[in-house]
Amino acid sequence: MNNELNNTEKTISDNNTSPEFGNHSQRVLLRSQSDKIITGLCGGIADYTKLDSTFIRILFVLLILLGGWGIVIYLIASLFVPSGKEDLTMEKSEQRKIIKENRQVLSGSILLIVGLFFTLELYGIIEFFYFAGIPPVIFWSLSVIIAGVYLFKGGWNELPKTEFSVLNKSATHKRIAGICGGMAKYMHIDTGFMRIVWLIGTFLTFGTGIIIYLILWLALPAEGEKQ
Amino acid sequence: MSRPGKVIISTGLIILGLLNILSETGVLNFELNTLIIHLFLFYGLIIVMTTIGRNSRGLLFIGAQIFIAGIAMLMTEKFEILNSVKILFPSVLFSFGAGFVMLYIDNPKEKTFLIIASLLMLISIFAMLFLSNSGIILSAGRVINILLAFWPVILSMMGITLLVNKNEASSH
């Protein structure tokens, strides 16, 4: 992600013109400090391989389905790969953008892994397995404890403050009237996610979601209009 | 999320993990269901308390839903409900209504939230009192049962949506 922002790709320009080395640059794999969710390993690999960090993260998430060994590989690699330096020149808005994107990737990955696991279990393709040799219940308990420690140590940082948004119909994220887009912007969540929640809510409430949508369509001002 | 909120939630997670290990190893004996219900109630309240007035409305709405889900779980645990399908539809309406009430409390300038919350809660009470045996409630129950059967697929869809739209996060 944001390869232009990376600070982990430590490019060592070799000015030595001796025939032994020649003119070349050497890239070193480092854990990213800017594109980081847990230890910054996926961000570092993404910077090193010039791939999108989301792609690397999804690969690691899918590896969890193979007996949970993805987590073990991740932790061992994090121990051996050194940490990159923090980019102090990065602006608050860029920092906020990366934190927000990473949070979305983290939430999406958790939903995807849980959903995939239980979907495969529903069709009998996969069964509860010993995660990396650890019994499932102990594994889940340890995961909950690790999540608690991660949160406690400040891994989940508060987003830098932004302006107070007003509820209105979105002009940019619009399918019908821009209600879901406007609500998503107001609640600081993804528009696609909001649409799915709205759709499920409409099914669950037997059409009440449509009535609410119509009321909001009439009641809310368009983006840029005064209330 | 504020610093005290993070501390409370992280401590709760560590305690939950430790209790579960102690329960599995036979050191402690307790019902996991009861613990989960209390956690839902506890975390629902904590999330609402720590996000209100802090410009984290998505989390505020989710906190309200978690708290109401905890209450619903407590009701089904403590009382014998003969037909749970009948209360699902009004409960979902009430839960969404409670979420909108919290959004209104967070920002009282948005009167629309109060109107929607009142409407949802009124429909919920009306459905509970007058439509308990109607076809609408039973059909809604069937739809809910289908959704409950396919919840992993829905979760995967939500996860994929978040991953695909990750660049959109920065535009909000």
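1. Interface between chains A and B. In this predicted model, 73 residues of chain A contact 63 residues of chain B. The two chains bury about 5900 Å² between them, and 73% of that area lies on carbon and sulfur atoms. On the side of chain A, the residues that lose the most area to chain B are Tyr186(A), Leu204(A) and Phe206(A), which together account for 11% of what that side buries.

2. Polar and charged pairing across the interface. No salt bridge is found between chain A and chain B; the rule gives zero. Polar contacts are present, however: seven residue pairs, with both residues at pLDDT 80 or more, are counted between chain A and chain B.

3. Elements of chain A that face chain B. At least two residues each are supplied by α2 (53-64), α4 (92-122), α5 (136-152), α6 (179-187), α7 (191-204) and α8 (208-219) of chain A. The largest share comes from α4(A), with 17 residues. By class, the side of chain A that touches chain B consists of 41 nonpolar, 22 polar and 10 charged residues.

4. A helix pair across the interface. The axes of α7(A) and α6(B) are 8 Å apart, and the helices pack at an angle of about 140 degrees; they are therefore oblique to each other. From α7(A) the contact involves Ile200(A), Phe203(A) and Leu204(A), and from α6(B) it involves Val143(B), Ile144(B) and Leu147(B). The contact of α7(A) with α6(B) comprises six nonpolar residues, with no polar and no charged ones. Leu204(A), a participant in this contact, is also one of the residues of chain A that lose the most area to chain B.

5. A helix pair within chain B. Helix α6 (residues 135-149) of chain B also packs against helix α7 (residues 151-164) of chain B: their axes come within 5 Å and cross at roughly 70 degrees. That crossing angle makes α6(B) roughly perpendicular to α7(B). Leu147(B), Leu148(B) and Ala149(B) of α6(B) meet Trp151(B), Pro152(B) and Ile154(B) of α7(B). The residues of this contact are again six nonpolar, no polar and no charged. Leu147(B) thus takes part both in the contact with α7(B) and in the contact with α7(A).

6. The salt bridge. Over all chains, the count comes to one salt bridge. It joins the side chains of Asp106(B) and Arg57(B), at 3.5 Å from N to O. Asp106(B) belongs to helix α4 (residues 84-106) of chain B and Arg57(B) to helix α3 (residues 57-78) of chain B, so the pair ties together parts that are 49 residues apart in sequence.

Technical notes:
Residues numbered from 1 in each chain as written. Chains lettered and ligands numbered in written order. Heavy atoms only, no water. Contact = heavy atoms within 4.5 Å. Buried area = accessible area lost by both parts, 1.4 Å probe. Salt bridge = Lys/Arg side-chain N within 4 Å of Asp/Glu carboxyl O. Polar contact = N/O pair within 3.5 Å; in protein donor to acceptor, adjacent residues only side chain to side chain. Helix = DSSP H or I, 4+ residues; strand = E, 2+ residues; numbered from the N terminus. Nonpolar A, V, L, I, M, F, W, Y, C, P; charged D, E, K, R; others polar. Axes fitted to C-alpha atoms, helices over the stretch in contact; angles between N-to-C directions. Parallel < 35°, antiparallel > 145°, perpendicular 65-115°, else oblique.
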